[in-house]
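Thanks for coming, everyone. Let me put the structure up, and then I'll walk you through it.

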Amino acid sequence: MELKEAGSSLDSLISSFTARMKELQELAIGRNMYPATSIADLSAVDAAVKAMESQVQAISDRLREEAGALPKAKRLIELSLRQQKRLQHISAHVPTQIPQIQAHTNRNPSVSTTLDAPAHDLNSGFGAVRIEEEPAAAPHKGKKGRSSAPIWHISADELDSLSSYMRGRLTLDKINAAINDMAAYADANAQLIAAPKKKLAEDSWEKALELRDIATSETIRGKHFFLETDVKGPSLRLDNTGKAILTVLRHLGRINETRIGHNRVFILSKPQ
């Protein structure tokens, strides 16, 4: 039963219940004229009322369960559509032909069986297939040779070049500490995108999928970025000082800002 239909049925039941109660009240008033004969009838009425109350309570509980299940159902539909989109992408990039491997047995027993197709040919045949079950690696590079997010501090001259209104009470150390935080946010996002699914909790995996979608967008692809929701300190926070720092860094070309979906995304600029 859909939620609207259940609500309509509940309203109808409550109306019938109210009408029945009014009739029972009138009957009770009439029965009071003959107390000796009304006790059994009133007991039956009381039992009927309690039964109706129990039914109304059961319907209310069922409606609450249905309403609580709606967000989960919507989330499941959203994940299913996202998975369908990935499968369609995979299907569109599957090669039409798979390189054939031909084995030839050499008559010389000392020589083992050889394969005509080298390994790099196989890799090239499947190069167009990109499995998106796990997030693609981000620009972040660490121990495996991947570059870290750029840290482009500002100089004292740059700070002095700002108008007094924009600079306010900001100091060089405070701004550069915030730049360090932003690089740490971007590195954390890159690591989350590159992490395999089996190493992530469910909530972390959902965030990794969201970050991967952002990382593959046209304006973000190949760049280091962080989200507004990532800003949680220790030096940079979304208070008045933090907003002023972001304004200064945008003005000095250290970051660019865009919006993708419901996310406010900050892109780190590389030193020039």
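First, a definition. A lining residue of a cavity is one that has an atom within 4 Å of a cavity point, and a cavity is a set of points where a 1.4 Å probe fits but cannot get out. Keep in mind that this is a predicted model.

So, cavities. There are 2 of 30 Å³ or more in the structure. The largest has a volume of about 70 Å³. Which residues line the largest cavity? The list runs P150, I151, W152, I179, M182, A183, R254, I255, L268 and S269. By class, that lining has 8 nonpolar residues, 1 polar and 1 charged. Which helix gives the most to it? That is α6, residues 172-194, with 3 residues.

Let's stay with α6 and look at its helix neighbours. Two packed helices are described by the angle between their axes and the distance between the axes.

Take α8 first, residues 240-251. The axes of α6 and α8 come within 10 Å and cross at roughly 85°. An angle from 65 to 115 degrees counts as roughly perpendicular, so α6 and α8 are roughly perpendicular to each other. Who touches whom? From α6 we have K174, I175, A178, I179 and M182. They meet T241, I245, L246, V248 and L249 in α8. The residues of this contact divide into 8 nonpolar, 1 polar and 1 charged. Notice I179 and M182: both are in the contact with α8, and both line the largest cavity.

Now α7, residues 202-215. α6 and α7 pack at an angle of about 105°, with their axes 8 Å apart. So this pair, α6 and α7, is roughly perpendicular too. On the α6 side, the contact uses N189, L192 and I193. On the α7 side, look for S204, K207, A208, L211, R212 and A215. The split in the contact of α6 with α7 is 5 nonpolar, 2 polar and 2 charged.

Next, the sheet. What is the strand order? It goes β3-β5-β4, an open sheet of 3 strands with antiparallel pairing. β3, 225-227, and β4 stand at the edges. Each has a single partner strand, so one side of each is left without a neighbour in the sheet. The twist averages 30° from one strand to the next.

Strand by strand, then. β4 covers residues 255-260 and β5 covers 263-268. They pair over 6 bridges. One bridge to find on screen is T258 with V265 in β5. The hairpin of β4 and β5 has 2 residues between the strands. There, G261 takes a positive phi near 65°. On the other side, β3 and β5 pair over 3 bridges. F225 stands opposite I267 in β5.

How do the helices sit on these strands? α6 lies across β3, β4 and β5, running at about 95° to β3. α8 packs on the sheet as well, touching β4 and β5. The direction of α8 makes about 110° with that of β4.

The cavity comes back here. I255, in the lining, falls within the residues of β4. L268, also in the lining, falls within β5.

One last stop, the backbone. Most peptide bonds are trans. Where is the cis one to look at? It joins G233 and P234, and omega is about 5°. P234 lies in the loop between β3 and α8.

That's the tour. Questions, please.

Definitions and conventions. Residues are numbered from 1 along each chain as its sequence is written. This is a predicted model: local features need pLDDT of at least 70, side-chain atom pairs count only at pLDDT 80 or more; totals for chains, interfaces and linings use all residues. Side-chain values use heavy atoms; hydrogens and water are left out. On a 1 Å grid over the protein atoms alone, a cavity is a set of points where a 1.4 Å probe fits but cannot get out, and a pocket is an open set with protein on both sides within 12 Å along at least five of seven lines; lining residues have an atom within 4 Å of a point. Grid points are joined across faces, edges and corners, and a volume is the space filled by probe spheres set on the points. Helices (H or I, at least four residues) and strands (E, at least two) are DSSP runs, numbered from the N terminus. Ala, Val, Leu, Ile, Met, Phe, Trp, Tyr, Cys and Pro count as nonpolar, Asp, Glu, Lys and Arg as charged, and the others, Gly among them, as polar. Axes are lines fitted to C-alpha atoms, for helices over the stretch in contact, and angles run from 0 to 180 degrees between N-to-C directions. Angles under 35 degrees count as roughly parallel, over 145 as roughly antiparallel, 65 to 115 as roughly perpendicular and the rest as oblique. Contact means heavy atoms within 4.5 Å. Two strands pair if DSSP finds at least two bridges between them.
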